[in-house]
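Trainee: I have a new model open and would like to learn how to read it. Could we go through it together, feature by feature?

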Amino acid sequence: DFNSFVARTNTCGELRSAHVGQEVTLYGWIQYQRHGLFLVLRDFQGLTQIILPQDEAHSHVRKLLSNAPVESVVRVTGIVSSRPPGQENPKMPTGDIEVKVETAEILNSCKKLPFEIKDFIKKSEALRMQYRYLDLRSFQLQYNLRLRSQIVMRMREYLCNLHGFVDVETPTLFKRTPGGAKEFLVPSREAGKFYSLPQSPQQFKQLLMVGGVDRYFQVARCYRDEGSRPDRQPEFTQIDIEMSFVDQAGIQRLIEGLLQYSWPQERGAVTTPFPSMTYEEALAGYGTDKPDTRFGMKIVDISDILRRSDIQFVQNALSYPRGTVKAICIPQGVRYLKNKDLESLKESAKSQFNQEVMDMICRPDGSLKSLLTKLLGKEQQSELMRALNVQVDDVVLLAAGEHKRVCSALGSLRLESADLLEAAGMMLRDPTAFHFLWVVDFPLFLPKEENPAELESAHHPFTAPHPADTNLLYSDPTKVRSQHYDLVLNGNEIGGGSIRIHNAEQQRFVLEKVLKEDSEVLSHLLEALEFGAPPHGGIALGLDRLISLIVGAPSIRDVIAFPKSFRGRDLMGNAPDYVTPEELEPYHIQVSWP
């Protein structure tokens, strides 16, 4: 009941023909005015047309409302009437009625606006964020925030009411965690000592399992000091989950049920179970660990076809242990892509991945046009076309080199060429489709970029090794698969989790011997694992990313009430801000100006 506890009788979005003849009181903002004849009143739920009285007895009401600036807040009381025949508006839910005003009151006048409160008006991102409280009045942001609230409520119902999870709040002030993202520091009154804002409640949720809570859940605020990264926020929200006595399949079924239960009806049904592929399959077929499976154009290995060729760069590539030749086929590329598009794709592979790419074009007569064709026999050309299912006017992009680099480059080109095809008018990815996918069997460790001789956790140091690879942990850690799993939606990672290490000895070995980290920082967790820690695992869903995909928002900023800018600033409140030396004194901090 939207009208409980307040002075209005109805919202601006609920009046229909059934209300004709009733006296109603509405509160809202003036969206639009027309020559002292009528205005449109808006609130969170919709719009209602308000007819101004034209008789002398109510001239003060007409004058009051006619002179009120757009976006002023008003109360109107009047009688619901049917619109005259032919004046109904089928595009408005309230389009069959209007309210004839009898009394009105201006509750607050609005000064000149920095931009119009209409969804179709183009506004700069900076201006929208500076006046976020005005931007929030738009129907789209109202819809996004309300849908977000409903989904979170359904998730709570599913976890707490149906499956016995306990909603536990964990601390925001904690200490530095080794590895992972950079954390925000918070000074304390103890000289030289700082808190850290947790990048996730990871340690606490594991400690709750040691404490026998069994099933934990939290709508958790998380913090990462990642600087200027597009479409990332320094503070964000996770649906954080941990369970005892569970395996990977158990967590996956839980999340599938959770999303099915909380999914908005108007977005169609969610089909379970979600498909699954290994990290190696994802990399080989899509060039990424978060494949967009809404369209084809998969990467195809053509090494065996070209192994017999005399192409020098192909032979060079295949002579290396992880050498490969792979290709993608861009459907109707000749018709939809210009020459400059193909050149930009090749340049992109060169600049981002240091990977050379060759193109081949299928002519109307079915033959291939390329610098390579004179080096390939007719049989090899036919084999190549069969393997890639090449049709007339298709474009093939071919790359040779080290497996991971070739796959990553072609995976990136696959997405770039999909964008180019769609920009040129091809319908490739259904904007209403939602393709969920589990990616499993990630490597447990990866070589550090800055020093490939050293290892770092592929995800975090608490992830358990795959049961079949436990022995390799002590002999060849680079070959160990992990019990980590990512949930991908339309090519975006929306969740990640793992079964955790619950054995103190194994956890200490990973930290000290494999990652060369100081385990003292985690002494509390290591000690807890020695007091009868149950096997446990969990997952965290990125709520902001999930909601932005559901509503089709171009940025996660469009589903957060008060987001930060690209550079992590609050443009409305001007944060972060300077503080005086006196305010810093209790924290034993002095600012050193550059």
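Mentor: Gladly! Helices and strands here are DSSP runs numbered from the N terminus, a helix having at least four residues and a strand at least two. Keep in mind that this is a predicted model.

Trainee: Where is Phe-562 placed?

Mentor: Phe-562 sits in the loop between α17 (543–551) and α18 (581–584).

Trainee: Is Phe-562 buried, partly exposed or exposed?

Mentor: Buried means under 20% relative accessible area and exposed means over 50%. Phe-562 has a relative accessible area of 47%, so it is partly exposed. Together with Tyr-133 and Met-572, Phe-562 forms a nonpolar surface patch with about 300 Å² of accessible area.

Trainee: And why does Gln-199 count as buried?

Mentor: Gln-199 counts as buried because its relative accessibility is 11%. Its place is also a loop, the one between β8 (194–196) and α5 (202–210).

Trainee: Now the interior. Which residues touch the most other members of the largest nonpolar core?

Mentor: Those are Ile-241, Ile-255, Leu-259, Phe-436 and Leu-487, in a core of 49 residues. Helix α4 (residues 139–163) gives the most to this core, with 6 residues. Leu-487 is a good one to click on: leaving out residues up to four places away in sequence, its contacts include Ile-255, Leu-259, Phe-436 and Trp-438.

Trainee: How is the protein divided into domains?

Mentor: Domain 1 covers 17–108, domain 2 combines 142–277 with 436–558, and domain 3 spans 295–424. Taken over C-alpha atoms, the centres of domain 2 and domain 3 are 37 Å apart.

Methods: Residues numbered from 1 in each chain as written. Predicted model: local features only at pLDDT ≥ 70, side-chain atom pairs only at ≥ 80, totals over all residues. Heavy atoms only, no water. Core = buried A, V, L, I, M, F, W, Y, C linked by side-chain atoms within 4.5 Å. Buried < 20%, exposed > 50% of the residue type's maximum accessible area, 1.4 Å probe, protein only. Contact = heavy atoms within 4.5 Å. Domains from an automatic or database assignment. Patch = residues over 30% accessible without salt bridge, like charges linked within 9 Å, V, L, I, M, F, W, Y side chains within 5 Å. Areas by Shrake-Rupley, 256 points an atom, 1.4 Å probe, with all protein chains shown as cover. Salt bridge = Lys/Arg side-chain N within 4 Å of Asp/Glu carboxyl O.
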